[in-house]
Amino acid sequence: MKKMLLLLLMMILLFPINDLAASPDADEYQKLFYEGNALLEKGESDAAIAAYTRAIELNPKGYDALANRGEAYLQKGDFASAISDLTAALNLHPHENIQLRRGDAYFAAGKYDPAISDYTGVISQNPSNTQAFYSRGMAYFRGKNRDAAIADFTKVIERNPASAQAYGRRGSVYGSKGMVDAAIADFTKAVELDPKDIDSLTYRGVSYYNAEKYAEAISDFKKAIEIAPDNFRAAYGMARSHARLNQPDQACEWLQESIERGWDNIDYIRQDPDLEPIREAPCFQKIISVE
């Protein structure tokens with residue numbers, strides 16, 4: 001996701017400067033605009049916002065500065081301001097990249113319906129925009145429209161068969177629908193395309209676990225941990241898998257590892273039915289006795 005956000009950011013940063021002929025301070029506007037771009041690329045969102053704001057004060061119709069200030073607000077996590085600026089920029093200069101980023105701002109704010117509307121608008125303008133299909137698929141998934149999400153991720157895969165990310169996301173949707181075999185197939189393709197895809201390894205492990213293929217689950221969880229030692233989800237999956245194999249010592253060891261890696265919900269551990277086979281083991285009782 002981070003790589004895609006950076007790509008979209010660059011799309012906005014590379015917009016041509018709008019016609020500045022009407023502004024008496026064209027040179028200063030351009031200077032502030034590029035200053036804001038440089039700051040934004042370095043992740044200095046507050047300073048970038050200040051530069052863009054000064055530019056907009058000189059030329060309120062500067063859609064490029066408005067769009068990029070919206071990007072800076074989005075980077076900062078101020079989604080309401082991001083949506084406001086991107087809407088203003090879109091009104092001045094309708095462009096698919098601005099609409100795509102407003103969709104991202106709506107998505108980040110948890111407003112999935114308007115996000116879907118924006119992504120659909122982009123697709124209407126440019127049916128070959130795979131990023132819009134991917135993002136709309138994510139919004140459909142979060143909005144619980146899983147069939148529509150599958151359709152959009154499938155569109156991405158048709159256009160870009162090398163997209164490990166699209167296979168991984170579609171696998172997640174299949175998994176949420178209980179379609180374990182389809183989920184495993186997609187996660188497997190994702191891992192073939194990107195052997196270091198931690199999410200696909202972890203969730204393929206979960207899918208194997210749900211299919212009661214505990215040895216295969218352990219193999220995937222182990223690989224995920226080797227790539228990312230702080231992956232507490234995979235460590236917890238290891239604990240569950242060993243518990244189902246009635247291996248209390250290994251299960252407790254990985255349960256402790258998952259806690260040390262960040263899984264600190266002891267109440268959940270106490271009630272987790274997947275740990276039932278080791279519930280009476282002394283090592284398990286010791287772990288859950290911690291207040």
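**Notes on a predicted model: Asn129, two helices, a disulfide and some rings**

1. Let's start with Asn129, which touches Glu96 and Val122 once residues up to four places away in sequence are set aside. Please keep in mind that this is a predicted model. Asn129 sits in the loop that runs between helix H7 (112-125) and H8. Its relative accessibility is 10%, so Asn129 counts as buried.

2. What does the side chain of Asn129 do at the start of H8? One of its oxygens comes to within 3.2 Å of the backbone nitrogen of Gln131. Gln131 is itself one of the buried residues of H8.

3. Now to the helix itself. H8 covers residues 130-142, 13 in number, and spans 18 Å from the first C-alpha to the last, close to the 18 Å expected at 1.5 Å a residue. Ten of those 13 residues are buried, so H8 is largely enclosed by the rest of the structure. Among them are the aromatic residues Phe133, Tyr134 and Tyr140, along with Arg136 and Met138. The list also includes Ala132, Ser135, Gly137 and Ala139. Just after H8, Lys144 adopts a positive phi of about 70 degrees.

4. A second helix worth your time is H15 (residues 248-261). Its 14 residues should span 20 Å at 1.5 Å a residue, which agrees with the 20 Å between its end C-alpha atoms. The buried residues here are Ala251, Cys252, Trp254, Leu255 and Ser258. Useful background for reading such a list: an α-helix has 3.6 residues a turn, so residues three or four places apart point the same way. The cover over the buried residues of H15 includes helix H13 (214-227), helix H14 (232-244), helix H16 (266-271) and H17. Just after H15, Gly262 has a positive phi of about 135 degrees.

5. Which cysteines form a disulfide? The count comes to one disulfide, and the partners are Cys252 and Cys283, with sulfur atoms 2.1 Å apart. The torsion about their S-S bond is about 70 degrees, so the disulfide is right-handed. The pair links distant parts of the chain, with Cys252 in H15 and Cys283 in helix H17 (residues 282-288), 31 residues apart. Cys252 counts as buried because its relative accessibility is 5%, under the 20% cut-off. Cys283, at 24%, counts as partly exposed.

6. On to the rings, where the count is nine aromatic pairs. In one pair, Phe33 and Tyr52 have ring centres 6.2 Å apart and planes at 55 degrees, so the pair is tilted. This pair also links distant parts of the chain: Phe33 belongs to helix H2 (residues 26-41) and Tyr52 to helix H3 (residues 45-58), 19 residues apart. Phe33 is buried at 1% relative accessibility, and Tyr52 is buried at 0%.

7. How are the rings of Trp263 and Tyr268 arranged? Their centres lie 5.6 Å apart and their planes meet at 90 degrees, so this pair is edge-to-face. Tyr268 has a relative accessible area of 38% and is therefore partly exposed. Both residues belong to one aromatic cluster, together with Phe232 and Tyr236.

How values were computed. Residues are numbered from 1 along each chain as its sequence is written. This is a predicted model: local features need pLDDT of at least 70, side-chain atom pairs count only at pLDDT 80 or more; totals for chains, interfaces and linings use all residues. Side-chain values use heavy atoms; hydrogens and water are left out. Helices (H or I, at least four residues) and strands (E, at least two) are DSSP runs, numbered from the N terminus. The expected span of a helix is 1.5 Å times one less than its number of residues. Buried means under 20% relative accessible area, exposed over 50%, partly exposed in between (1.4 Å probe, protein chains only). A polar contact is a pair of N or O atoms within 3.5 Å; within protein, one must be able to donate a hydrogen and the other to accept it, and residues adjacent in sequence count only if both atoms are side-chain atoms. Rings of Phe, Tyr and Trp (its six-membered ring) pair if their centres lie within 6.5 Å; planes under 30 degrees apart count as stacked, over 60 as edge-to-face and the rest as tilted. A disulfide is a pair of cysteine sulfur atoms within 2.5 Å. Contact means heavy atoms within 4.5 Å.
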